[in-house]
Amino acid sequence: MSATDQLKALRVRIDTLDERILELISERARCAQEVAHVKMANLAEGEEPVFYRPEREAWVLKHIMELNKGPLSGEEVARLFREIMSSCLALEQTLKVAYLGPEGTFTQAAALKHFGHSVKSLPMAAIDEVFREVVANAVNFGVVPVENSTEGAVNHTLDSFLEHDLLICGEVELRIHHHLLVGENTRTDRITRIYSHAQSLAQCRKWLDAHYPNVERVAVPSNADAAKRVKTEWNSAAIAGDMAAKLYGLTYLAEKIEDRPDNSTRFLIIGTQAVPPTGDDKTSIIVSTRNKPGALYELLKPFHENGIDLTRIETRPTRSGKWTYAFFIDLVGHHQDPLVKGALEKISQEAVALKVLGSYPKAVL
Ligand SMILES: C=C(O[C@@H]1C=C(C(=O)O)C=C[C@H]1O)C(=O)O
């Protein structure tokens, strides 16, 4: 058989497979519609239906990854199913998700990675605004950055948890690649200014010292903001990611300029919905202690005694009193797991204050 005939035959097979895939996806979508009807028909009086179930979605993705035998990677098939679920959920309810904007930020990329593309994503000007939109019920969820592997905690986010009563419903991790971008009329030999968010400038510090030691670095509110500015400036460049580059039609002067190749940022999904256990969860708490010797040691002891793994501890001053600190702790497990529950009960007896910010499925993708 000639190559042309071979290709022709293969394409006929692909067409037939696509038709079957379409049939199956449509059948799945109809099932999701039925799920919505069942949820609506079984509400107690005054009860609001809960369409989005993060614990179920995490299970579906993990199940698919476990079943997958290739040739596509587990992550690749999970991304496809992430989008299928996103479309199915949109038949039940279109989620509104606020994120730290403007459009084109890594936080928007994180929101779409977590929820898929069938949500309505709404850019906010500041982290606190994302929190306020969720508190006001103007959106279903919010997405905010919380820590970067190179630069550490995002303090605005931690402080917002002290001010607002919201729950963490999920986490997303995103590999962060920064590029040096310019507009089409830029004189690349005359760059006198590089714009970016302070965190991104810090994540590319060594690269900038080596390649643009004498160029002014200007911190702006977001990478997308930086990208927007350089579109029309002939003597400046921006550091931003692919989404912003595409959104503003910029040219790549240098790619992947972050100092650490494993540079990644963790984002949190904030909402008002408590998430049931999946068996592979994390819990975030805020706790403050009396200011006495050994207080932090005493505080952490119950975790050690119950064999609970702490993945992060961060300290922030609170505004309620001088030298009073709040500890943000992430641990492995759900707050309903007996060992976690026991440790938290012991801690709440000792601590000045303890707040469980939420238990949520570990990031699957
Ligand atoms: C179908 C459901 O509703 C939503 C859609 C899901 C899906 O498409 O698989 C999974 C969980 C929910 O977010 C459900 O609750 O099972």
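**A tour of the ligand site**

Start by selecting the ligand together with its shell, the residues having a heavy atom within 4 Å of it: Arg 28, Val 35, Lys 39, Phe 51, Tyr 52, Arg 53, Arg 56, Glu 57, Met 85, Cys 88, Leu 89 and Glu 92. This is a predicted model, in which local features need pLDDT of at least 70 and side-chain atom pairs count only at pLDDT 80 or more, while totals for chains, interfaces and linings use all residues. Residues are numbered from 1 along each chain as its sequence is written, and side-chain values use heavy atoms, with hydrogens and water left out.

Next, colour the shell by class: six residues are nonpolar, six are charged and none is polar, where Ala, Val, Leu, Ile, Met, Phe, Trp, Tyr, Cys and Pro count as nonpolar, Asp, Glu, Lys and Arg as charged, and the others, Gly among them, as polar.

Now display the polar contacts, pairs of N or O atoms within 3.5 Å. At Glu 57, an N or O atom of the side chain lies 2.7 Å from a ligand oxygen, whereas at Arg 53 a polar backbone atom is 3.0 Å from an oxygen atom of the ligand. The protein buries 90% of the 360 Å² that the ligand exposes when taken alone, by the Shrake-Rupley method with a 1.4 Å probe.

Then show the secondary structure, with helices taken as DSSP runs of H or I, at least four residues long, and numbered from the N terminus. Two or more shell residues come from each of α1 (3–41), α2 (54–67) and α3 (74–92), and α3 gives the most, with four.

Notes:
A polar contact is a pair of N or O atoms within 3.5 Å; within protein, one must be able to donate a hydrogen and the other to accept it, and residues adjacent in sequence count only if both atoms are side-chain atoms.
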